[in-house]
Amino acid sequence: MGRPAIDGVLIDVEGVLQIDGRPIPGAAEALHVLSAAGMPFVLLTNTTSRTRRQLGALLRRLGFPVRDECLVTAVSATADYLRQRYPGERCFLLVEGEVSEEFAGIPLTEGYDARVVVVGGAGDSFTYGRLNQVFRLLLDGAAFVAMHKNLAWERQDGLYLDAGAYIAGLEAATGVRAHVVGKPAEDFFRAGLRLLGVPGERVAMVGDTLEQDVLPAQRLGLLGILVRTGRYRAREPGAGQPNLILNSLAELPTWLGLRSIT
């Protein structure tokens with residue numbers, strides 16, 4: 001069987017394009033090749049510490065040919081979800097980074113009047129006092145929304161504990177299940193497909209994790225490509241299989257038949 005026809009690509013950011021502000025070798029060049037060949041791509045990321053504007057600016061400084069409009073982030077998707085599902089409700093936002101501009105028009109509060117709790121990526125802002133406030137708000141009936149449930153995230157000096165560990169504890173302590181907006185939620189991938197404008201059976205998803213990137217994409221009929229960068233780790237038997245494994249994104253243009261990265 002020959003290589004399937006691919007007319008568009010969804011690409012993870014952290015661990016595929018860059019790690020903590022350090023570009024992965026060959027990744028920027030790969031995007032330049034895709035862009036020059038007219039191959040549309042959308043960046044689909046659970047990054048929560050930056051807005052689309054901030055993330056787009058960072059990626060351009062690192063040499064990536066990206067527009068803010070080609071980014072779908074867990075932050076922007078969560079804000080869209082809140083506007084649709086909880087219009088006008090006061091929200092308590094617990095996330096590392098200044099991302100409030102994505103929540104324009106949504107009433108944010110630091111008080112106990114919040115009716116929705118929103119948890120993003122973890123960091124030093126996850127103090128005991130703030131986590132205990134989230135705990136009490138949930139016990140008082142607030143809705144629980146998670147930008148993602150990642151257990152770890154990659155920085156230049158290694159892995160760091162992420163929000164998923166806190167969310168699991170809060171769920172266990174309160175009996176309230178969080179609604180997850182970002183990967184691996186299928187609606188998140190559908191948002192990327194809508195922006196891409198290409199039928200799913202002709203789209204490849206490139207990511208560094210099986211559970212967050214490849215498997216949910218495959219469930220929607222996309223081709224799942226795993227790269228050996230970022231959070232890639234040896235896979236457990238029976239955990240599922242990617243359609244393709246590449247050493248890094250730098251190999252993608254060659255596999256697509258565009259040209260080699262030199």
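**Exercise 1. Count the aromatic pairs and classify two of them.**

Solution. Rings of Phe, Tyr and Trp (its six-membered ring) pair if their centres lie within 6.5 Å, and by this rule the count comes to three aromatic pairs. For the class, planes under 30 degrees apart count as stacked, over 60 as edge-to-face and the rest as tilted.

Step 1. Tyr81 and Tyr86 are 6.3 Å apart centre to centre with 75° between the planes, an edge-to-face pair. Phe126 and Tyr166, at 5.2 Å centre to centre and 55° between the planes, form a tilted pair.

Step 2. The second pair links distant parts of the chain, 40 residues apart: Phe126 is in the loop between β7 (116-119) and α4 (128-139), and Tyr166 is in helix α5 (residues 163-174). Helices (H or I, at least four residues) and strands (E, at least two) are DSSP runs, numbered from the N terminus.

Step 3. Buried means under 20% relative accessible area, exposed over 50%, and partly exposed in between (1.4 Å probe, protein chains only). Tyr81 has a relative accessible area of 19% and is therefore buried; Tyr86 is buried at 18%. Phe126 is buried at 8%, whereas Tyr166, at 28%, is partly exposed.

A note on the source: this is a predicted model, in which local features need pLDDT of at least 70 and side-chain atom pairs count only at pLDDT 80 or more, while totals for chains, interfaces and linings use all residues. Residues are numbered from 1 along each chain as its sequence is written, and side-chain values use heavy atoms, with hydrogens and water left out.

**Exercise 2. Give the strand order of the six-stranded sheet and find its edges.**

Solution. Step 1. Two strands pair if DSSP finds at least two bridges between them. The order is β5-β4-β1-β12-β13-β14, an open sheet with parallel pairing.

Step 2. β5 (71-73) and β14 (244-246) each have a single partner strand, so one side of each lacks a neighbour in the sheet and these two are the edges. On average, neighbouring strands of this sheet are turned by 25° against each other, direction ignored. Axes are lines fitted to C-alpha atoms, for helices over the stretch in contact, and angles run from 0 to 180 degrees between N-to-C directions.

Step 3. Strand β1 (residues 8-11) and strand β12 (residues 203-207) are joined by four bridges. Leu10 has Met205 of β12 as its bridge partner.

**Exercise 3. Describe the surroundings of Met205.**

Solution. Step 1. Met205 is buried, with a relative accessible area of 0%.

Step 2. Contact means heavy atoms within 4.5 Å. Leaving aside neighbours within four places in sequence, Met205 has contacts that include Leu10, Ile11, Leu44, Phe189 and Ile225.

Step 3. Between Met205 and Ile11, 194 residues apart along the chain, the C-alpha separation is 5.9 Å.

**Exercise 4. Work out which helices pack on the sheet strands.**

Solution. Step 1. Helix α6 (residues 186-196) lies across β1, β4 (41-45), β5 and β12, and runs at about 160° to β4.

Step 2. In helix α1 (residues 27-36), the buried residues are Ala27, Ala28, Ala30, Leu31, Val33 and Leu34. These pack against β1, β4 and α8 (252-255).

Step 3. Gly38, just after α1, takes a positive phi of about 75°.

**Exercise 5. Summarise the whole chain.**

Solution. Step 1. The protein chain has eight helices and 14 strands.

Step 2. Of its 262 residues, 52% are buried. Among contacts with a separation of 6 or more, 67% come from residues 24 or more positions apart.
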